[in-house]
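Open the file in your viewer and keep the selection panel at hand. The stops below say what to select next and what is found there.

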Protein chains: 2
Amino acid sequence: MSKTRLSKAETRILEQCWKLGTCSVREILDSLPEAERVAYTTVQTLVYRLEQKGAVRKVKKIGNAQLFAPAIDQSEFRGGLVRDLLDLFGGSPRLLVSNLLETGTITLRDLKALQNATPSRKSSRGRGGKGHA
Amino acid sequence: MSKTRLSKAETRILEQCWKLGTCSVREILDSLPEAERVAYTTVQTLVYRLEQKGAVRKVKKIGNAQLFAPAIDQSEFRGGLVRDLLDLFGGSPRLLVSNLLETGTITLRDLKALQNATPSRKSSRGRGGKGHA
DNA sequence: TCGCGCCTACGGATGTTGTAGTAGGATTGA
DNA sequence: TCAATCCTACTACAACATCCGTAGGCGCGA
């Protein structure tokens with residue numbers, strides 16, 4: 001699972017699912033900001049495709065409305081994206097962060113803050129957190 | 001420029017161009033690892049599209065073979081990718097680096113090393129060419 | 001000069017994505 | 001009970017991406 005790539009629009013919908021938790025097509029549609037409003041059936045199609053790809057799943061039926069819930073974890077998903085991106089950085093996360101620094105996207109101050117905020121995991125393979133990759 | 005998004009396959013070809021420098025379609029093809037080998041004309045099409053998009057340009061003709069060279073800078077290109085990815089991290093580079101840390105993709109030690117390696121970006125424009133890690 | 005092999009231009013089959021319409025079943029308020 | 005709603009399933013379709021084939025041009029060695 002979670003191996004299939006999601007398109008831009010699909011990702012957008014999945015994001016709303018994360019935001020909303022268990023939700024219906026209508027709720028997703030309504031949660032989209034004006035500027036991104038599309039037709040009900042458009043959202044429906046995207047949700048459908050997300051289900052095909054295993055990114056969301058049907059969890060319940062209320063009346064005749066189907067409720068969906070994200071089937072993949074946000075951080076798991078992000079991890080996949082990062083991995084993809086990393087490929088383009090020769091697999092070097094350091095190069096990636098370097099780029100962030102070079103372009104001023106992130107600052108040394110940020111990094112420092114992160115270090116302090118990060119529970120010093122000595123054994124980096126700890127796998128103690130939420131979810132699972 | 002460098003505003004046009006490149007597809008996965010196109011990016012793959014562009015990468016080879018960066019690796020090879022000025023090169024012909026055939027050279028690109030030959031440089032692809034076995035596993036990714038495609039037809040000559042496929043590479044040709046992709047190179048052609050890269051040219052359309054301004055990512056490579058014709059630089060010379062040897063015999064009847066056209067030589068191409070990358071027209072956009074690798075780090076410039078990467079910057080765009082990072083920006084895209086960042087959108088999915090709520091625009092927060094810190095979240096991104098956080099993810100890197102959480103997943104053990106990068107370590108605190110790495111970060112520290114980067115900090116030391118980074119000239120406290122007041123003035124230095126680290127225009128370093130091919131600093132491969 | 002000829003033919004062979006490599007090159008380019010063009011075209012096309014197939015798949016994916018974005019967007020949405022329609023038909024018809026289920027739900028429900030009056 | 002009935003019509004107004006809302007939902008799902010299916011279909012449509014254009015734009016784009018991927019991958020490759022063919023036709024014909026060009027350069028070079030025999």
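Which elements each supply at least two residues of the surface near DNA strand D? Select α2, α3 and β2 of chain A, then add α1 (8-20) and α3 of chain B; each of these supplies at least two. Bear in mind throughout that this is a predicted model.

**DNA strand D**

Keep strand D displayed and show the 20 residues around it. Those that come nearest are Arg26(A), Gln66(A), Ser7(B), Val38(B) and Thr41(B). Coloured by class, the surface near strand D has 12 polar, 5 nonpolar and 3 charged residues.

**DNA strand C**

Move to strand C, which is surrounded by 22 residues. Label Ser7(A), Ala9(A), Val38(A), Thr41(A) and Gln66(B), the closest of them. Two or more residues of the surface near strand C come from each of α1 and α3 in chain A, and likewise from α2 (25-31), α3 (40-52) and β2 (65-70) in chain B. The element that gives the most is α3(A), with 4 residues. By class, this surface has 12 polar, 6 nonpolar and 4 charged residues.

**Helix α3 of chain A**

Now select residues 40-52 of chain A, which form helix α3. The helix has 13 residues, and its first and last C-alpha atoms are 18 Å apart, close to the 18 Å expected at 1.5 Å a residue.

Show the side chains of Val43(A), Leu46(A), Val47(A) and Leu50(A), which are buried. Why do they sit on the same side of α3(A)? They cover an arc of only 100 degrees around the axis, and this puts them on one side together. To see what the buried residues of α3(A) pack against, add α1 (8-20), α2 (25-31), β1 (56-62) and β2 (65-70) of chain A.

Turn to the face away from the buried side: Thr41(A) and Gln52(A) are there, and they are exposed. Thr41(A) was also labelled at the strand C stop, as one of the residues closest to that strand. After the helix, select Gly54(A), where phi is positive, near 75 degrees.

**Between chains A and B**

For the last stop, hide the DNA and select the contacts between the two chains: 34 residues of chain A are in contact with 33 residues of chain B. On the chain A side, α4 (74-87), α5 (93-102) and α6 (108-117) each supply at least two residues. Of the elements on this side, α5(A) gives the most, with 9 residues. By class, the side of chain A that touches chain B has 15 nonpolar, 14 polar and 5 charged residues.

Methods
Residues numbered from 1 in each chain as written. Chains lettered and ligands numbered in written order. Predicted model: local features only at pLDDT ≥ 70, side-chain atom pairs only at ≥ 80, totals over all residues. Expected span 1.5 Å × (residues − 1). Buried ≥ 20, exposed ≤ 12 C-beta atoms within 10 Å, placed from the backbone. Arc of directions from axis to C-beta. Contact = placed C-beta atoms within 7 Å. Near = placed C-beta within 6 Å. Nonpolar A, V, L, I, M, F, W, Y, C, P; charged D, E, K, R; others polar.
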